[in-house]
Amino acid sequence: MPALTDFAKRLTWDELDPAYLRQLVTLAREEDLAGAGLARPVAPGDVTTAALVGDAPARADFTARQALTVCGLPLLPLIFESFGPGCELQAAPNLRDGAAAAKGLVLATVTGPAATLLTAERTALNFFQKLSGIATQTAHYVAALGASPTKLLDTRKTTPGFRMLEKYAVACGGAWNHRLGLFDRVLIKDNHLAATHATAGERLAAAVRQARARQPRLLIECEVDALDQIPPVLDAGAHVILLDNFSPAALAEAVALIHPRAATEASGGVTLESLPQLAHLGLDYISCGALVHHAPWADIGLDWR
């Protein structure tokens, strides 16, 4: 039987593929320098910097213009390296991804040829602000759960191509990663059930049993949207039951029905304001897409010295 401890994990920087990171950075660079994505090729280059700035040594600080949770520091050297040689980045002492940073703190300092720093500036800030924004948003949501043992999860509602970085940012913010993709968990959603006409009773149980038989090494999770769907899913041996859009009162009733035979996950309409109401219901997990898709970018500036 798969271990339930594998259900929620925190993606670490070391688990990210350097080739994947360089591919993202290269695409971002080519968008800025050569209009990648346009049907007609463009002569590459930063025309403004080329007209005005040489390669004299320069220095600039990444500064937090708001209180934030840091994410993306290890990516910055890869970005500047992609734009040209000679740049060095030094993070603030003892500052790591996942750390809280006060407004006004210098997060990192980059030195190198002035032209390279100017050309790479927006790409570096785009990544750093986006990832720190997700980590900051996540930290606020985690704080709303307080001391609850319930784990907050992300979802697959991510920017296409950026999923692993965004899930890493969620982990930096203190939450946990749900499945990384379609490959690492059986999650029987409402549309799977509708497509197989298995929304209740024995057909619902049969769908769970079939998934267990065909994927014996994976955890099996099944979504339900009504209390009467829970017994057949439990009897069929689902490891986790996803409670979709249940009221707090219904969630409490569902938890009493399910524990200890399976784990529970609440999903649907979870907000910063609703999390305190869910924190003490005995849920194992709460999933929330807003950690990523509603996260504003963090306000970080690159201040020239």
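Guide: Let's start with the rule for the sheets: two strands pair if DSSP finds at least two bridges between them. Keep in mind that this is a predicted model, where local features need pLDDT of at least 70 and side-chain atom pairs count only at pLDDT 80 or more, while totals for chains, interfaces and linings use all residues. Residues are numbered from 1 along each chain as its sequence is written, and side-chain values use heavy atoms, with hydrogens and water left out.

Visitor: What makes strand 8 and strand 9 a pair?

Guide: Strand 8 is joined to strand 9 by four bridges, and the rule asks for at least two, so they pair. The two run parallel, and Glu221 stands opposite Val240 in strand 9.

Visitor: And how do you know that strand 7 pairs with strand 8?

Guide: Same test: three bridges link strand 7 and strand 8 in the parallel sense, which satisfies the pairing rule. Here Val186 faces Ile220 of strand 8.

Visitor: How many helices and strands does the protein chain have?

Guide: The protein chain has 11 helices and 12 strands. Both kinds are DSSP runs numbered from the N terminus (helices are H or I with at least four residues, strands are E with at least two).

Visitor: Which strands stand at the edges of the six-stranded sheet, and why are they called edges?

Guide: The order in that open sheet is 6-11-10-9-8-7, with parallel pairing. Strand 6 (151-153) and strand 7 (186-188) each have a single partner strand, so one side of each lacks a neighbour in the sheet. On average, neighbouring strands of this sheet are turned by 25° against each other, direction ignored. At the strand 6 end, three bridges tie strand 6 to strand 11 (residues 285-287) in parallel, with Leu152 opposite Ile286.

Visitor: How is the other sheet, the one of four strands, ordered?

Guide: The four strands go 3-5-1-12 in an open sheet with antiparallel pairing. Strand 3 (88-91) and strand 12 (300-304) are the edges, since each has a single partner strand. The twist averages 20° from one strand to the next. Strand 3 and strand 5 (residues 106-113) run antiparallel and share four bridges; Ala91 sits opposite Ala108 there.

Visitor: What makes those pairings parallel or antiparallel in backbone terms?

Guide: Strands of a sheet pair through backbone hydrogen bonds, and they can do this in either sense.

Visitor: Which strands does helix 4 lie across?

Guide: Helix 4 (residues 114-145) lies across strand 1, strand 5 and strand 12, at about 160° to strand 12. Helix 3 (residues 75-83) lies across strand 1 (57-64), strand 3 and strand 5, at about 165° to strand 3. Angles like these run from 0 to 180 degrees between N-to-C directions, with axes fitted to C-alpha atoms, for helices over the stretch in contact, and contact means heavy atoms within 4.5 Å. Over at the six-stranded sheet, helix 7 (residues 201-214) lies across strand 7 and strand 8 (220-224), running at about 160° to strand 8.

Visitor: Why is Asn94 called exposed?

Guide: Its relative accessible area is 74%. The classes are buried under 20%, exposed over 50%, and partly exposed in between, with a 1.4 Å probe and protein chains only, so Asn94 counts as exposed. Asn94 lies in the loop between strand 3 and strand 4 (100-101), and has a positive phi of about 65° although it is not a glycine.

Visitor: How do you know that Asn245 is in its accessibility class?

Guide: Asn245 comes out at 55% relative accessibility, so it is classed as exposed. Asn245 sits in the loop between strand 9 (240-244) and helix 9, and its phi is near 55°, a positive value in a residue other than glycine.

Visitor: What makes strand 8 largely enclosed?

Guide: Five of the five residues of strand 8 are buried, so the rest of the structure largely encloses the strand. Both faces are covered: Ile220, Cys222 and Val224 on one side, Glu221 and Glu223 on the other.

Visitor: Where is the cis peptide bond?

Guide: The cis bond joins His259 and Pro260, with omega about 5°. Pro260 is in the loop between helix 9 (248-258) and strand 10 (263-267).
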